[in-house]
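Here is a quick tour of one model, written for someone who likes to know the cut-offs. Have a look at the sequence and the coordinates first, then read on.

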Amino acid sequence: MLPENYTNHLTTCLNKSEYLMLTILVHLLQIYRKVRLEELATKLPIPILFESRRKKMKRFLESPSLTLERIWIPIIMQWIEIEFSYKESRVNAS
């Protein structure tokens, strides 16, 4: 579902419940391709009331642990390092 380097980084940045919620949301998005919060809340496999699921998802998506600086910039930097080291090794091998 998620690439290994994403998983490694996310498990260090998020606690277990946040990581689980993120993987569930990614899975739901991949299956249903719906982005509306209400539609995702109806599909969320948590045995609580709809309104509670919607509020839980909203709080999660607004949490400070999902900032650009904390999650995405390190992943992008790692991806750039991997790409450039791969290209440099291909150029040096030629």
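Which elements do the buried residues of α4 pack against? They pack against α2 (16–32) and α3 (37–43), and the sections below work outwards from there.

## Ground rules

This is a predicted model, so local features need pLDDT of at least 70 and side-chain atom pairs count only at pLDDT 80 or more, while totals for chains, interfaces and linings use all residues. Residues are numbered from 1 along each chain as its sequence is written, and side-chain values use heavy atoms, with hydrogens and water left out.

## The overall fold

The protein chain has five helices and zero strands, where helices are DSSP runs of H or I with at least four residues, strands are E runs of at least two, and both are numbered from the N terminus. Read from the N terminus, the order is α-α-α-α-α.

Of the 94 residues in the protein chain, 23% are buried. Buried here means under 20% relative accessible area, exposed means over 50%, and partly exposed covers what lies in between (1.4 Å probe, protein chains only). The accessible surface comes to about 7,100 Å², and 60% of that belongs to carbon and sulfur atoms; areas come from the Shrake-Rupley method with a 1.4 Å probe, and for residues only the protein chains shown count as cover. As for contacts (heavy atoms within 4.5 Å), take those between residues at least 6 apart in sequence: 42% of them join residues at least 24 apart.

## Helix α4 and its buried side

Helix α4 has 12 residues and reaches 17 Å from its first C-alpha to its last, close to the 16 Å expected at 1.5 Å a residue. The expected span is 1.5 Å times one less than the number of residues. Its buried residues are R53, R54, M57 and F60. They cover an arc of only 130 degrees around the axis, which puts them on the same side of α4; the arc is that of the directions from the helix axis to the C-beta atoms.

R54 deserves its own look. This arginine lies in α4 (residues 50–61) and counts as buried because its relative accessibility is 18%. Apart from neighbours within four places in sequence, R54 is in contact with L37, E38 and A41.

## Helix α2 and the residue after it

For α2, the 17 residues should span 24 Å at 1.5 Å a residue, and the end C-alpha atoms are indeed 24 Å apart. Buried in α2 are E18, Y19, M21, L22, T23, L25 and L28. The buried residues of α2 pack against α1, α3 and α4.

What does phi look like just after α2? There, R33 takes a positive phi of about 55 degrees. Most residues other than glycine have a negative phi. R33 sits in the loop between α2 and α3, and it is exposed, with a relative accessible area of 65%.

## Salt bridges

How many salt bridges does the count come to? Three, if you take a salt bridge as a side-chain nitrogen of Lys or Arg within 4 Å of a carboxyl oxygen of Asp or Glu. R54 forms one with E51, the closest N and O atoms being 2.5 Å apart. Being three residues apart in α4, R54 and E51 are separated by about one helical turn. E51 is partly exposed at 35% relative accessible area, whereas R54 is buried.

R36, E38 and E39 are joined into one network by salt bridges that share partners. R36 pairs with E38, with 3.7 Å between the closest N and O atoms, and with E39 at 3.4 Å, N to O. E38 is partly exposed at 33%, and so is E39 at 26%.

## One aromatic pair

The count of aromatic pairs comes to one. Rings of Phe, Tyr and Trp (its six-membered ring) pair if their centres lie within 6.5 Å; planes under 30 degrees apart count as stacked, over 60 as edge-to-face and the rest as tilted. The rings of Y6 and W72 have centres 6.1 Å apart and planes at 80 degrees, so the pair is edge-to-face.

This pair links distant parts of the chain, with Y6 in α1 (residues 4–13) and W72 in α5 (residues 68–93), 66 residues apart. Y6 is partly exposed at 27%, and W72 is partly exposed at 42%.
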